[in-house]
Amino acid sequence: MAPSVSDIASNAAEQVSNGLSKLNLKETKQEEKPQDKGPSYPFYYPYFDAAEKFPPTELFEHTDPGLRADPKKPNLLGPNTKVHHISPYLGTEITGVQLSQLNEAGLDELALYTAERKVVVFRDQDFKDIGPDKQIALTKRYGPIQRHPTSGNVKGYPEFHVVYRDAENDRFKEYLGDNRANKTSWHSDVSYERQPPGTTFFFILDQPPVGGDTLFASQVEAYNRLSDGFKKRLEGLRAVHSAVAQAEHSRQRGGPVRREPVESEHPVVRVHPVTGEKALFVNPGFTRRIVGFKDEESEWLLKFLFDHITKGADFSIRAAWQPGTVVIWDNRVSIHSATPDFDKNLRRHAVRLTPQAEVPIPA
Ligand SMILES: [Fe+2]
């Protein structure tokens, strides 16, 4: 009989705990409890300072590096590069490229390639080891890095958005409560910003042996699936994206609210500045209402769109994390969700760098 999900999860937990037991044999005998070595990268342990404050974000001119890129991408995809497409619509896994070694042209091509593929999974990267200054210098080429108003960051480096879970810290439970049958939580990162992020970097530091994948869906293909009449109805509509609930949640638990929460109106259908592709730009995480619609009309339309984009298994992928994986996604044309399916005693530690892009271009 095939093992159940809980068998696999508890076997994985057991493997890790066995590994820890071997490493800490003496302590284990004395305390009868495996000792946790702690995070592999303690520098990036989430830092929360409720007194930390940022000024309001100012508008800036954005020119996407993808516009400068050679469409053939000779500096990104060399003869040693292995390219594996995960779905026709989005997601490509790449080995044989070291992000930290790309030249300027290669970094521009990366923006174009990410826009085209929506999600690119780079394996075996040294990115996690090049240090915070180089990590920030490389990623801010794609736009000023968003400093998150509420999440854990790194002391002295507010550019880092830290995602962390271990036996003592369960942020999934904090955010979603403990009574959800389905713990997926689809969103486009910080879409409430006046200039929401584009090319976004996420690198893993500790991961469970099984589980903790990230789900992604293409908002371009979600748009393409609609009928011409429905597409026409959506074009010109705007929706409100709100940071208020996130700020309130942080305030209630005594966490930081580094900037007063913003609400932005964005087009329901936006155009990517590099590829020209049209994409739906609503998400259950932050989109609250359709501007100018009555409450029931707005609820009806958003419910349909949320169902459509989050249930499109035929235009979504799951990205699995291995040591050294860096995933880059374009938040303008994709949505994603964590899968908090792994044993709660296991650690998952990752860091996001989130360059902001243009004011969304309406279709
Ligand atoms: Fe996210």
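Me: How do E9 and E10 pair, and over how many bridges?

Reply: Strands of a sheet pair through backbone hydrogen bonds, either parallel or antiparallel. Here, strand E9 (residues 269–271) and E10 pair in the antiparallel sense over three bridges. Strands are DSSP runs of E with at least two residues, helices are runs of H or I with at least four, and both are numbered from the N terminus. Two strands count as paired if DSSP finds at least two bridges between them. You can spot one position easily: Val 269 stands opposite Leu 280 in E10.

Me: Before going on, what kind of model is this?

Reply: This is a predicted model, where local features need pLDDT of at least 70, side-chain atom pairs count only at pLDDT 80 or more, and totals for chains, interfaces and linings use all residues. Residues are numbered from 1 along each chain as its sequence is written.

Me: And what average pLDDT does the protein have?

Reply: pLDDT is the predictor's confidence in each residue, from 0 to 100. The protein averages 91, and 89% of the residues score at least 70. Over residues 1–31 the pLDDT is below 50.

Me: Back to the strands. In what order do the three strands of that open sheet come?

Reply: The order is E10-E9-E16, with antiparallel pairing. Strand E10 (278–280) and strand E16 (361–362) each have a single partner strand, so one side of each is left without a neighbour in the sheet.

Me: Which strands make up the seven-strand sheet?

Reply: That open sheet runs E1-E2-E3-E13-E5-E15-E4, and its pairing is mixed. Its edge strands are strand E1 (82–85) and strand E4 (161–165), each pairing on one side only. On average, neighbouring strands are turned by 20° against each other, direction ignored. Such angles come from axes, which are lines fitted to C-alpha atoms (for helices, over the stretch in contact), and run from 0 to 180 degrees between N-to-C directions.

Me: Where do I see the mixed pairing?

Reply: Start with E1 and E2, which pair in the antiparallel sense over four bridges. There, His 85 has Thr 92 in E2 as its bridge partner. Then move on to E2 and E3, which run parallel and are joined by three bridges, with Glu 93 opposite Val 121 in E3. Over at E4, five bridges join that strand to strand E15 (residues 348–353), and the two run antiparallel. His 161 has Arg 352 in E15 as its bridge partner.

Me: Which helix lies across E13, and at about what angle?

Reply: H3 does, running at about 70° to E13. H3 also lies across strand E2 (92–95), strand E3 (119–122) and strand E5 (199–206).

Me: What does helix H3 bring to the core?

Reply: A nonpolar core is a set of buried Ala, Val, Leu, Ile, Met, Phe, Trp, Tyr and Cys residues joined through C-beta atoms within 7 Å. Buried means that 20 or more other C-beta atoms lie within 10 Å of a residue's own; exposed means 12 or fewer, and partly exposed is in between, with C-beta atoms placed from the backbone. In the largest core, of 60 residues, Val 119, Phe 203, Leu 280 and Val 326 touch the most other members. The largest share of this core, six residues, comes from helix H3 (residues 104–117).

Me: Which residues does Val 119 touch?

Reply: Contact means that two C-beta atoms, placed from the backbone, lie within 7 Å. Leaving out residues up to four places away in sequence, Val 119 touches several residues, including Leu 90, Phe 216, Ile 317 and Trp 329.

Me: What sign of phi should I expect, and where does Lys 118 stand?

Reply: Most residues other than glycine have a negative phi. Lys 118 has a positive phi of about 70° although it is not a glycine. Lys 118 lies in the loop between H3 and E3.

Me: Is Lys 118 buried or exposed?

Reply: With 32 C-beta neighbours inside 10 Å, Lys 118 counts as buried. Lys 73 also deserves a look, with a positive phi of about 55°. Lys 73 is partly exposed, because 18 other C-beta atoms lie within 10 Å.
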